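Hi,

Here is the structure I promised to pass on. Have a look at it first, and my notes follow underneath.

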Amino acid sequence: MSTVVKTPPQVHPARAFEVERVRRDFPVLHQKVHGKPLVYLDNAATTQKPLAVIEAIENYYRQDNSNIHRGVHAPSERATEAYERVRVAAQKFLNAADTKEIIFVRGTTEGINLVAQTYGRKNVGSGDEVLITALEHHSNIVPWQLLCEEKGAKLRVAPINDRGELLLDEFEKLLSQKTKIVAVGHLSNALGTINPVREIVRMAHARNIPVLVDGAQAAPRMKIDVQALDCDFYAISGHKMYGPTGIGVLYGKTRLLEAMPPYQGGGDMIASVTFEKTVYNRLPYKFEAGTPNIADTIGLGAAIEYLNELGLDEIENHEADLLSYATSKVESIPGLRVIGTAREKAGVLSFVMEDIHPHDIGTILDSDGIAVRTGHHCAQPVMQRFNIPATARASFGLYNTRAEVDALAAGIHKVREVMG
Ligand SMILES: Cc1ncc(COP(=O)(O)O)c(C=O)c1O
């Protein structure tokens with residue numbers, strides 16, 4: 001009798017990740033839109049919030065609401081403690097060396113503007129250059145344009161290829177003595193391209209140029225280690241990582257933050273004030289003027305805890321499975337072209353359809369309860385690079401399922417029938 005050796009069943013990462021259990025944590029997902037179950041595939045725009053985040057904010061307002069850093073009374077001490085605990089959580093989340101390198105801001109946009117208006121205004125002068133890439137979101141373009149306009153400096157743009165990948169050689173050629181800062185996205189919201197940030201930092205640092213990384217789309221999808229990346233600044237948004245709107249984090253290296261002037265003036269960012277002279281507070285408070293967004297900071301803390309519990313590696317695997325499943329399903333649809341086919345890619349599936357405007361795609365999908373984004377995704381130069389006005393974009397989150405991808409594919413077939 002021959003023995004049959006059975007190979008153990010392959011445990012697919014997407015199966016190991018208990019997505020149905022995860023979905024129960026998100027009240028918004030359990031609704032019908034136009035009579036169909038909501039299929040939420042607009043996660044690059046903003047993510048839904050788990051109960052842990054919603055309850056953390058509610059509990060703060062119910063039990064602890066108070067201003068921070070000032071009161072001697074118990075609620076103020078509780079609020080201060082809760083707020084500062086999130087700073088520690090954010091430090092660990094990004095693997096920053098110190099909590100003083102964690103500055104709470106409104107989001108990625110404000111984080112980038114802060115650096116442009118402080119580090120940039122101090123260090124960029126007439127004839128200097130700021131180097132970005134052709135993949136950037138408007139929030140990593142316009143703050144640098146404003147700075148360059150004011151200072152008589154030049155914005156340089158490293159090109160991408162037809163897959164939507166940064167041309168590293170071209171990038172390196174653009175680095176020069178004139179380059180005063182490099183600002184790059186970690187993960188493109190329009191194409192899903194993951195930039196080789198470690199390599200970019202290595203090239204820039206070899207010429208003593210600091211690097212800011214726009215981490216808005218990377219933070220919810222992959223483990224971030226700012227010390228391993230060795231970047232000088234890293235900006236993230238709470239609402240893209242299952243936390244509230246109106247709160248984000250700017251990481252900055254201590255040495256640079258110490259040398260930068262404050263961003264805004266007001267309460268809390270000072271050590272002492274007279275009419276003659278103000279002495280600024282120590283880091284990170286020097287950059288946090290006025291009463292901060294305490295409630296949403298606490299909500300962000302709950303989101304970080306939630307992501308940590310699920311595990312960024314598991315989330316990354318789960319989304320990678322959804323992206324490859326979705327790509328293979330839609331690629332075979334006649335007349336459909338995927339925009340952005342980088343070898344290193346995550347989270348985002350942008351596409352166009354022959355003779356059908358993305359707006360119509362979005363509207364027809366919506367009639368089936370499927371939420372995708374259509375437009376230029378705040379990355380008009382990316383659209384110009386591909387010679388298109390807009391794309392339809394499905395972007396995945398930790399709660400999405402293969403069944404939802406099937407619904408998307410069926411919806412796109414319907415678009416073809418209706419518009420074809
Ligand atoms: C890559 C990227 N950078 C920056 C931003 C801006 O983030 P926020 O609007 O949260 O400041 C976004 C938002 O879509 C983004 O996708």
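Before the ligand, a word on terms: a polar contact is a pair of N or O atoms within 3.5 Å; within protein, one of the two must be able to donate a hydrogen and the other to accept it, and residues adjacent in sequence count only if both atoms are side-chain atoms. Please keep in mind that this is a predicted model, in which local features need pLDDT of at least 70 and side-chain atom pairs count only at pLDDT 80 or more, while totals for chains, interfaces and linings use all residues. Residues are numbered from 1 along each chain as its sequence is written, and side-chain values use heavy atoms, with hydrogens and water left out.

**The ligand**

With that in place, an N or O atom in the side chain of Gln217 sits 2.8 Å from an oxygen atom of the ligand. Another ligand oxygen distance involves Ser237, which has a polar side-chain atom 2.6 Å from an oxygen atom of the ligand. For Asp214, the partner is a nitrogen atom of the ligand, at 2.5 Å from an N or O atom in the side chain. On its own the ligand has 390 Å² of accessible area, and the protein covers 85% of that (areas by the Shrake-Rupley method with a 1.4 Å probe; for residues, only the protein chains shown count as cover).

The residues around the ligand, meaning those with a heavy atom within 4 Å of it, include Ala44, Thr108, Thr109, His137, Ser139 and Asn189. Asp214, Gln217 and Ser237 are also among them, as are Ala216, His239 and Lys240.

**His186**

Next to look at is His186, in the loop between strand S7 (179-185) and helix H8 (197-205). Helices (H or I, at least four residues) and strands (E, at least two) are DSSP runs, numbered from the N terminus. His186 counts as buried because its relative accessibility is 6%; the cut-offs are under 20% relative accessible area for buried, over 50% for exposed and partly exposed in between, with a 1.4 Å probe and protein chains only. Its side chain makes a polar contact of 2.7 Å with that of Tyr234. Leaving out residues up to four places away in sequence, His186 touches Asp214 and Tyr234, among others including Val213, Gly215, Met222 and Leu229 (contact means heavy atoms within 4.5 Å). Asp214 is thus a residue that turns up both around the ligand and in the contacts of His186.

**Gly107 and Val249**

Where is Gly107 placed? The answer is the loop between strand S4 (102-105) and helix H5 (108-123). Gly107 is buried, since its relative accessibility is 8%. Though 140 residues apart in sequence, Gly107 and Ile247 have C-alpha atoms 5.2 Å apart in space. Not counting residues up to four places away, Gly107 touches Ile236, Ser237, Ile247 and Gly248.

Val249 belongs to strand S10 (residues 248-252) and is buried, with a relative accessible area of 0%. With the four-place neighbours set aside, its contacts include Ile102, Ile103, Phe104 and Val105, as well as Tyr234, Ala235 and Ile236. From Val249 to Gly215, 34 residues apart along the chain, the C-alpha separation is 9.9 Å.

**Backbone oddities**

A few spots deserve a look at the backbone. Leu283 and Pro284 are joined by a cis peptide bond, with omega about 0 degrees; Pro284 is in the loop between strand S12 (278-280) and helix H11 (294-310).

Which residues have a positive phi without being a glycine? Asp355 is one, with a phi of about 60 degrees, and Cys378 is another, at about 55 degrees. Asp355 lies in the loop between strand S14 (348-353) and helix H13 (358-367), and it is exposed at 79% relative accessibility. Cys378 is in the loop between strand S16 (373-375) and helix H14 (380-385), and it is partly exposed, with a relative accessible area of 35%.

**Two more residues**

Ser66 sits in the loop between helix H3 (51-64) and helix H4 (74-94) and is buried, with a relative accessible area of 12%. Apart from neighbours within four places in sequence, Ser66 contacts Tyr60, His73, Pro75, Ser76, Ala79 and Ile294.

Val279, in strand S12, is partly exposed, with a relative accessible area of 40%. Beyond its four-place neighbours, Val279 is in contact with Ile270, Ala271 and Ser272.

Cheers
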